[in-house]
Amino acid sequence: VYGFGRKPQYLKWTTTIEHQLFASSKEPPTEARESLDDGKTINADAAAMVNFSKSPSLDPTGQPLVVSAWIHADRPDGVVLAHGGPSQGYVLLIRGGKPQFAVRSKGDVKQVTGKKDVVGKWVHLLGTLTADKRLVLYVDGEEAAGQRDANFVTSDPAQSLRVGADDRGSVGNYSSPLGFTGLIDEVQVLHGDISAADAKT
């Protein structure tokens, strides 16, 4: 399978147009799943979900966090990325067309919600839990919502990282799996702090 897209150094929300021809295998990635581990069929809402294996490099315990993705949502509700479940974790999603970012620590969830509808167009979402424990959501590089007094995740989430749905117990205040309908691109998860200026680049 061949494609034409931006070079890796330009995988950020800019108007720079630098492209290259690339090739990819026709075989699905090992992370793609057609069934749950117990052999049961995945709910149709989670059919497009990608599940990543647990890894020490994905453990967010006790540190700042940055999660981002480009999305083009066709429906007003869906999980973009979720890591964790009802005890510990974080999630980037849309509800009622509005973007949300939430972090759950020891069962307590803190959440921020943007005010503008993002359905039907390409937007860049970035959620961050800063070093001073402020929860912030950026939309296309602009701060859309913020909240103080959030908490770091206190242990490695039991549920693995998923993109496109949250099928093993919801991180936020929604019912699983809340599958995303549309396109998700350039997903990033970083452990560390960024400034508001960094969020614009």
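**Notebook: surface, fold and one sheet**

I began with the surface, and for the protein chain I noted an exposed area of about 10,300 Å², of which carbon and sulfur atoms supply 50%. I keep in mind throughout that this is a predicted model.

I then looked up burial, and found that 42% of the 201 residues of the protein chain count as buried, where buried stands for under 20% relative accessible area.

Next I went through the secondary structure, which comprises 13 strands and 1 helix. Reading from the N terminus on, I met the strands one after another, with the helix coming at the end of the run.

For the contacts in the protein chain with a separation of 6 or more, I wrote down that 60% are accounted for by residues 24 or more positions apart.

I turned to an open sheet of 5 strands, whose order I recorded as 11-10-9-4-13 and whose pairing is antiparallel. Strand 11 (142-147) and strand 13 (182-191) stand at the edges of this sheet, and because each has a single partner strand, one side of each is left without a neighbour in the sheet. From one strand to the next, I noted a twist that averages 15°.

Within this sheet I followed one pair in detail: strand 9, residues 122-129, and strand 10, residues 135-139, run in the antiparallel sense and pair over 5 bridges. Which residue of strand 10 does Thr128 stand opposite? I looked it up in the pairing and found Val136 in that place.

Methods: Residues are numbered from 1 along each chain as its sequence is written. This is a predicted model: local features need pLDDT of at least 70, side-chain atom pairs count only at pLDDT 80 or more; totals for chains, interfaces and linings use all residues. Side-chain values use heavy atoms; hydrogens and water are left out. Helices (H or I, at least four residues) and strands (E, at least two) are DSSP runs, numbered from the N terminus. Buried means under 20% relative accessible area, exposed over 50%, partly exposed in between (1.4 Å probe, protein chains only). Contact means heavy atoms within 4.5 Å. Accessible areas come from the Shrake-Rupley method with a 1.4 Å probe; for residues, only the protein chains shown count as cover. Two strands pair if DSSP finds at least two bridges between them. Axes are lines fitted to C-alpha atoms, for helices over the stretch in contact, and angles run from 0 to 180 degrees between N-to-C directions.
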